[in-house]
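Please walk me through this protein. I am new to it and would like to know how its parts fit together.

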Amino acid sequence: MADIIRLLPDNVANQIAAGEVVQRPASVVKELLENSVDAGATEVQLLASDSGKTLIQVSDNGKGMSETDARMALERHATSKIEKAEDIFAITTKGFRGEALASIAAVAKMNLRSRSAEAELGTELKVAATTVESQEFCQCPKGTSIKVQNLFYNIPARRNFLKSNQVELRHIIDEFERVAMAHPEVAFRLEHNGSELFNLPISSQRQRIVNIFGKKYNEKLVPVEEDTELIKLGGFVGKPEFAKKTRGEQFFFVNNRFIRNAYLHRAVQKAFEGLLLEDSHPSYFLFLELDPARIDVNIHPTKTEIKFEDERLIYSIIRTAIKHSLGQYNIAPSLDFEHDQQYAPNPSQREVEAPGVYVDPSFNPFQNRSSGPGASISGPASSPVNGPAGSFNPSASSHPLQSRESKEWESLLSQIPDLPEEASQNALLDSEQHKVVSYIQVGGKYLLKAHGEGLMLIHQARAHQRILFDKIMVSLNNQQVAAQQLLFPVQVSFSSGDYSEMQELLPTLREMGFDLDEFGGNELVVNGIPLYLENPDINQILNLLLEEYKNFNIQAKLELQEKMAAKMAKVAAMKVGTILEPEEMAHLVDELFACSAPYHSPEGRPTIINLALGDLDKTFS
Ligand code: ADP
Ligand code: MG
């Protein structure tokens, strides 16, 4: 038989390879912007027409390319960024695979102009479908400008596959924002169909986020930072009260590269647990820096997924650092932080660090760091005089501003009784000896107390739910649930559909303190119930728990327990209208502040509201 295997011609091979890197106009945008950053540019401009379908042009003032390099750059596996295989594990640049320009050149018309600082004349290359049509000298500013026209003109199938202009533009903006967010030390501009969408001067990290997402973000951001031997974590999370119903702004950057990682995302969610309403999502802008040797960025062609060697540890650091930050900002007292030091490389060292509120002192909302009006970045004549570059550097750009003696801490601590356990045991028995703080009950619903210079309002039913929830979870974790036997066992019957689901739920119910058996004929007999259920309607409670179970499709055991515990807490908690004695009020509040997340009910609703004097003044104005 005749030999039939042959090597594919370059243009075909490149076209096939391009499929991995260039899926849509936004992929071109990402690769070109990253190349500009890698080239050390301080100004980068992106022009696009028709959502990048007809034109994408990226110009920068980076180091430029020599004549030969400009030609080489278009070859597949041609890169200046690594030399040996080992270099992949010490990557500090965005690119390293040497594929982007070759891939783009295979599926579009490309015009590349570049000049290095030393060269008097630049070089201009015209390429179409991998074929170099011409290379000539040209007059051009220092840096590189790459124009990509008529993407996929030679692959109609791919062109047809593109989405509407709106969708493709959204993708472009997403990529632009990700690169811009990771590099506040570079000025970026984006113009689409002749109108300017972004003009981002060099700024601090915080200001860059505000410039991208809008001024209102300024008050929403809480700084997060943690410096360990393994990673440096910096950035911001959005305050829980601004969490959105839709997945809002959620960004992880590792060594200034935007990545997706479901596991780390979960760490953030965990940190927000109990602080958010159901179905709302926190925003976050988190920057991790770690030794490139401890990650693998080469598992995905567009490098948005990476592997970490120490994923669990990083998870724990992220979760704890965010909890800490939220606590310091008086959003949730971080009572458990001191104990949550699984990752501390050296515990004694950590103790010395006074927790402080960290701010970014370089941030000044009234200061615009750009060179002047418009911050034009088109040519060397208008180069901005770079101020102190606001590059992300947690240790250099921040310092502890306030210590435990600060006002924030004072008000936080004043809300927490000195000895919560003791207080909760003694308040009822020993109200003489234990000084009882007096509360006023309003509408059988709220407890009110002068607090600091303002007012503290507590939602009594939700407070009770939180207390019960914590107790249920503690006993579940210790597998020691206090139960009471019923004098007269109760029979509860179900429809056959419900009964089979009830059977699935039985182990969890038993763990929660129910003593129940199957009776046959779709009936259960209940012999005992958890101690905290006083005068319950057992039939109703079991049906409510079943309802919750049916609406809930994640089967993870812990989550199931939490859901059930939250429901039980709600059922068992005191109802609106319950009149409380002064000692009972004090006891309730003491117990609330001993909880893991006193500021929110298990369902994420507020339990405590502090009205500052200013708020009261406003009401009277
Ligand atoms: P990679 O970024 O993986 O090295 P690319 O195909 O994106 O691969 O680019 C190939 C090479 O071209 C780069 O390594 C770099 O040397 C050069 N290059 C690309 N874009 C620029 C630019 N804007 N300025 C200077 N050099 C560039
Ligand atoms: Mg590249």
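How many aromatic pairs does the count come to? The count comes to 14 aromatic pairs. The model is a predicted one.

Start with one of these pairs. F251 and F285 form an aromatic pair, and the pair is stacked. The ring centres are 5.7 Å apart, and the planes differ by 20 degrees. An angle under 30 degrees counts as stacked. What does the pair tie together? F251 lies in strand 12, residues 250-254. F285 lies in strand 14, residues 284-290. The pair therefore ties together parts that are 34 residues apart in sequence.

Are these two rings buried or exposed? F251 is buried, with a relative accessible area of 9%. F285 is buried too, at 0% relative accessibility. The cut-off for buried is under 20%.

Now take another pair. F494 and Y499 form an aromatic pair that is tilted. Their centres lie 6.4 Å apart, with 40 degrees between the planes. F494 has a relative accessible area of 9%, so F494 counts as buried. Y499 has 7%, so Y499 counts as buried as well.

Return to F251 and F285. Both belong to a cluster linked by ring pairs. The cluster also takes in F213, Y217, F253, F258 and F287. Y217 has a charged partner as well: K220 lies over the face of Y217, at 4.5 Å from the ring centre. Another lysine is placed in this way over a tyrosine. K109 lies over the face of Y153, at 4.8 Å from the ring centre.

Next come two helices. Helix 8 covers residues 262-271, and helix 9 covers residues 311-328. They pack at an angle of about 30 degrees, with their axes 8 Å apart. Angles under 35 degrees count as roughly parallel. Helix 8 and helix 9 are therefore roughly parallel to each other. Helix 8 passes helix 9 in a right-handed crossing.

Which residues meet between the two helices? From helix 8 they include Y263, L264, V268 and A271. From helix 9 they include I314, Y315, I318 and I322. Charged side chains take part too, among them R266 and K270 in helix 8 and E311 and R319 in helix 9.

Finally, step back to the whole protein. There are 19 helices and 25 strands in the protein. Buried residues make up 50% of its 621 residues. Consider the contacts with a separation of 6 or more. Residues 24 or more positions apart account for 70% of them.

Key. Residues numbered from 1 in each chain as written. Chains lettered and ligands numbered in written order. Predicted model: local features only at pLDDT ≥ 70, side-chain atom pairs only at ≥ 80, totals over all residues. Heavy atoms only, no water. Phe/Tyr/Trp six-rings, centres within 6.5 Å; stacked < 30°, edge-to-face > 60°. Helix = DSSP H or I, 4+ residues; strand = E, 2+ residues; numbered from the N terminus. Buried < 20%, exposed > 50% of the residue type's maximum accessible area, 1.4 Å probe, protein only. Lys NZ or Arg CZ within 6 Å of the ring centre and 35° of its normal. Axes fitted to C-alpha atoms, helices over the stretch in contact; angles between N-to-C directions. Parallel < 35°, antiparallel > 145°, perpendicular 65-115°, else oblique. Left-handed = near helix turned anticlockwise from the far one by under 90°. Contact = heavy atoms within 4.5 Å.
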